[in-house]
Amino acid sequence: MLNVLRKPIISGLALALLLPVGMSTASAATTTEKPSISALTAPQLDQRYKDSFTIGAAVEPSQLEGKDAIMLKRHYNSIVAENVMKPINIQPEEGKFNFKEADKIVKFAKENNMDIRFHALIWHSQVPEWFFLDKDGKKMVDEKNPVKRMKNKKLLLKRVEDHVKTIVTRYKDDVKSWDVVNEVIDDGGGLRQSDWFKITGTDFIKVAFETAHKYGGNDAMLYINDYNTEVESKRDDLYNLIVELLEQGVPIDGVGHQSHIQLGWPTLQQTEDSINLFASLGLDNQITELDVSLYGWPPKPAYKTYDEIPAEVFKTQAERYNALFELYEKLDKKISNVTFWGITDNHTWLDDRAEEYNDGVGKDAPFVFDPDYKVKPAYWSIID
C-alpha cells in the first residue's frame, strides 16, 4: 500500500460537520447513539453480511492469540497477511523460502474455517533486490547491451515463474483468492515504472497470472490489486491494461480495490462507477484493504492521542461507513469480499503516516472497533 491520493480534503473538527448526501441529523443520531459495548461479545459482523460477501481482516502472526484472536474468530470469516506473505518476507534469498510465519496464518484460518486471501505474489515494494540482479550481481536496469538485456528479461521472468509456482503449489488447497500483482498503475498515468516493468514490460504480469493459474487450478481466483481505483484517470488506465491482458488470454478473475479512503473522499459515485466498470468485463470485485482515515492529505494536523478525537468525528466516520456498506450491499452481486486492513484501532499502518507528518506524534482511528476492543459508532452503523 502507498499513500492515498494527495487530494485536498477538509480535516480536523470540520469533518464532524460532514454528513453523506441524504443522511439527516436525526438518522445520524439513530445510528450513533448506542452503547460502546465489548466487541468481544457484540453481534458478529461477518454474519450480518453472510448473504452478501465475506468479511476479512489483515493480520500479523502475533495477532493470532489473545483478544485479537477472539476478535478474528467472532467477526471475520476471511483473513489476509498484512506483511508476512510479501516477497521480501517469503523469499528473502533466491531459492530460500521462509514459510514459517505465513504457515501460522494459514493454520489459524483452516482451524477456524476462514477463507484466505494471499497478498501479494508480485509487488514493486517490499521485494528483495536479488530479483533484479543479473548472474554477475549487477543491476539489470543499468544494462545497455540489448543482447544482455534480453537475457536479463528471461532470467527475471524465470524468477517470477519460480516464485509464483513455489508459493501457489504450497497453498493451492488453502488459499481462495490471490493478489497476483499489486500496484502496477502509476499515479501520474500509465504503467508504474518499476524495475519489473523496465526490464520485462508487461510480461511480468502475464507470467505471474499464467503461472498462478497453471499451478493453482481453475478454482483459484486471481486478482490485480491497486489503490485509488476510484480516481478516474488511474481507474481508466487499469481498465485499459486489463482489457489488453484479457484479449491476450491472461487469466484475470477480478480486481482488488484497496480502498484506503478518507471521511470525505472519494465520493460514493466514484466508488460505484469503478466497481461497475470492472464488473462490466465479467470480473469479480473485492475491497481488499479497507480503512477510513480521519484525515485528508497530508494527514495534518493529527490528533496526538486517541482520547483527543472528538465524539463528533466518530459520528461522521459512522455515517461514512454506513453509506459505504449500503453501497456494497447494493452491489453485492459484483463484490465477493470486503477486507479491513486491520482488526481494531490499536494497530494500523495509518498511525505511522500520521506520525510521519506530525513530528512523530499522531493517531488515526480507521476501523469500527476501538483500541480497547469496544465497538465504535461505525460498528453500529454497519451492523444495523
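The exchange below asks why certain terms apply to parts of this predicted model.

Residues are numbered from 1 along each chain as its sequence is written, and side-chain values use heavy atoms, with hydrogens and water left out. In this predicted model, local features need pLDDT of at least 70 and side-chain atom pairs count only at pLDDT 80 or more, whereas totals for chains, interfaces and linings use all residues.

Me: Why is T200 called buried?
Reply: Buried means under 20% relative accessible area, exposed over 50% and partly exposed in between, with a 1.4 Å probe and protein chains only; T200 has 3% relative accessibility and therefore counts as buried. T200 lies in helix α7 (residues 195-200), where helices are DSSP runs of H or I with at least four residues and strands are runs of E with at least two, numbered from the N terminus.

Me: What makes the approach of the T200 side chain to the backbone nitrogen of F204 a polar contact?
Reply: A polar contact is a pair of N or O atoms within 3.5 Å; within protein, one must be able to donate a hydrogen and the other to accept it, and residues adjacent in sequence count only if both atoms are side-chain atoms. The T200 side chain reaches that nitrogen at 3.2 Å, so the distance lies within the limit. Leaving aside neighbours within four places in sequence, T200 is also in contact (heavy atoms within 4.5 Å) with K153, L156 and L157.

Me: How do you know that strand β8 pairs with strand β9?
Reply: Two strands pair if DSSP finds at least two bridges between them; β8 and β9 (residues 335-340) have 4, in the parallel sense, and L290 stands opposite F340 in β9. Strand β7 (residues 260-262) likewise pairs with β8 in the parallel sense, over 3 bridges, with H260 opposite D291. As for β8 itself (residues 284-293), 10 of its 10 residues are buried.

Me: What makes up the largest nonpolar core?
Reply: A nonpolar core is a set of buried Ala, Val, Leu, Ile, Met, Phe, Trp, Tyr and Cys residues joined through side-chain atoms within 4.5 Å, and the largest such set has 106 residues, with L290, F325 and F340 among those having the most contacts inside it. Another core, of 5 residues, lies apart from it and includes A58, W341, W349 and L350. Leaving aside neighbours within four places in sequence, F325 is in contact with residues including Y49, L290 and F340.
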